[in-house]
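Reader: Hey, I've got this protein open and don't know where to start. Can you walk me through it?

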Amino acid sequence: GATIGILGGGQLGRMLALAAAPLGYRVHVYAPDAELVAGDVAAAVTRAAWDDAAALDRFAAAVDVITYEFENVPVATVERLAALKPVRPGVAALRVAQDRMIEKRFVAGLGGRPAPFAAVDSLAGLHAALADVGTPAILKTRRLGYDGKGQVRIGSADEAGAAWAAVAGAPCVLEGYVAFAAEFSILVARCPGGAEVHYPAAENVHRGGILSESHVPAGAAVAACMAEATALTVRIADALDYVGVLACEFFACAEGPLFNEMAPRVHNSGHWTQDGALTSQFEQHVRAICGLPLGPVTMRVPRVRMENLLGDTADRWPALLADPAAKLHLYGKSEAAEGRKMGHVNFL
Ligand code: ATP
Ligand code: MG
Ligand code: MG
C-alpha cells in the first residue's frame, strides 16, 4: 500500500492516520513537537525541525503523498517537499490561511464578506483603524493565532494602548465586532479533478474563544445563510485548486453570512462526522488526497452534538462510556492543561 506523509503531530493527524488504515494506507508523521499523539498510531515518525533539510528529503522519499494537519507549517518547508512529492492541499492554501490579512483580502476578492477590517502595524495605526472600523472591535495577530489566542477585545478607543501592548507589537488586523445570531462552519472536500462534496453546516458554540460544541443540523439563523456560505467555500476551494477537506467559519447575521476564517485542513467542527456521517471528514480527506472517489456525506442519524473535552475531564468518562448515545474520542495527550483539547464526544 501507499504511504501518506502528515506534517504535524496533533490529534487531527492522529484521526487522519486512524482513518487511513482501513483504506490500506500507511502513515508517516513529521513534526518537531516533543509529544506526537499522531505518532502513536503511525507506522513511522520523524521528529525533526521544520527547517531540517536532510530530514525533509528523507521524509519525502519515504512517502507517496504529503498533507498537513496544522496550517502553520512554514511555507519554505512545504515548498521544499512539494518539489519532491505532491503536497495536498498545496502551498497556495497554506500561504493564504497563515495570514489573516491575506486571507480576508483573498476571500473578499471572491465575493465573500468579512467583518469590517483594517491592517494594524503601530499604535497610531490602531487608532486610525479604530476610527475606520469602529468599536467594539477585536485586534488579532495576523499570524499564529488559534483557540482565541493572540486576540484582544477593544470596547472603546481609550483601550488602544493596552491592546497594542497585549499583542506585543505583532502585525495585526482589527476587526469590527459582529453581533452574530449564530456561528457555523462549512466543510468542503475537493478532489484533484475538481469534484467536490460538502457536509451539512455545523452550528458552533465557542466559549472563551475556544470551540465548545457543534450541532448538526444547524438552527434557523444558520440555515438561512448556508447556501451562500457553501457557494463561497466552494469558490475558495476552486480558486486555490484545493485538494482535501477545507473548512470555513462564518457568522450568521441578518444580512447573510459574514466570513470569519478558513482552515486548510480537517477541522474540529467536523468531528461529528466520525459517528454522524456515512464518511467522516478524515476518511474524506484521505480519499481526496489519494485520488480516490469521495464518499457520501449523508447523516447516519437525524441529529448530532459534538462536545469538546477541554482540560481534565476524566471524571466524566465512565458516564460517557455508559451512555449508549455517546461516542467518546480521546487523543492520548499526557498533560491535561486547562483549556487544552484532550478529546471530544459525539452525542447521536
Ligand atoms: P480557531 O481555534 O477557530 O482557529 P482563532 O484563534 O483563529 O480560532 P477566531 O476564529 O478568529 O480565532 O475567533 C475565535 C472566536 O472569537 C470566534 O469563533 C468568535 O466566537 C469570536 N470572534 C472572533 N472574531 C469575532 C468578531 N469579529 N466578532 C465577534 N466575535 C468574534
Ligand atoms: Mg483560526
Ligand atoms: Mg476560528
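**Domains, ligand and core**

Author: Sure. The model is predicted, and the domain assignment of the protein chain gives domain 1 (3-87), domain 2 (116-176) and domain 3 (182-347).

Reader: OK, how many Å separate the centres of domain 2 and domain 3?

Author: Taken over C-alpha atoms, those centres are 28 Å apart.

Reader: And where does ligand 1 lie?

Author: Between domain 2 (116-176) and domain 3 (182-347), because both of them give residues to the shell around ligand 1.

Reader: Cool, which residues come nearest to ligand 1?

Author: There are 17 residues around ligand 1, and Tyr 146, Asp 147, Glu 175, Val 178 and His 206 come nearest. As for elements, strand E6 (137-141) and strand E14 (256-263) are the ones that give two or more residues to that shell.

Reader: How do the residues of the shell divide into nonpolar, polar and charged?

Author: Seven are charged, five are polar and five are nonpolar.

Reader: Switching topic: what does UniProt place at residues 104-290?

Author: An unreviewed UniProt entry has the feature "domain: ATP-grasp" there. In the model, the span 104-290 is 33% strand and 29% helix, and its end C-alpha atoms lie 30 Å apart.

Reader: What about the largest nonpolar core, which residues have the most contacts inside it?

Author: Leu 16 and Leu 174 do, in a core of 92 residues. Strand E13 (residues 244-253) gives this core its largest share, seven residues.

Reader: So what is Leu 16 in contact with, leaving aside its neighbours within four places in sequence?

Author: Leu 16 is then in contact with Ile 6, Glu 69, Val 266, Phe 282, His 285 and Val 286.

Note on methods:
Residues numbered from 1 in each chain as written. Chains lettered and ligands numbered in written order. Predicted model: local features only at pLDDT ≥ 70, side-chain atom pairs only at ≥ 80, totals over all residues. Near = placed C-beta within 6 Å. Helix = DSSP H or I, 4+ residues; strand = E, 2+ residues; numbered from the N terminus. Nonpolar A, V, L, I, M, F, W, Y, C, P; charged D, E, K, R; others polar. Domains from an automatic or database assignment. Core = buried A, V, L, I, M, F, W, Y, C linked by C-beta atoms within 7 Å. Buried ≥ 20, exposed ≤ 12 C-beta atoms within 10 Å, placed from the backbone. Contact = placed C-beta atoms within 7 Å. UniProt positions renumbered as here; feature names shortened; annotations may be inferred.
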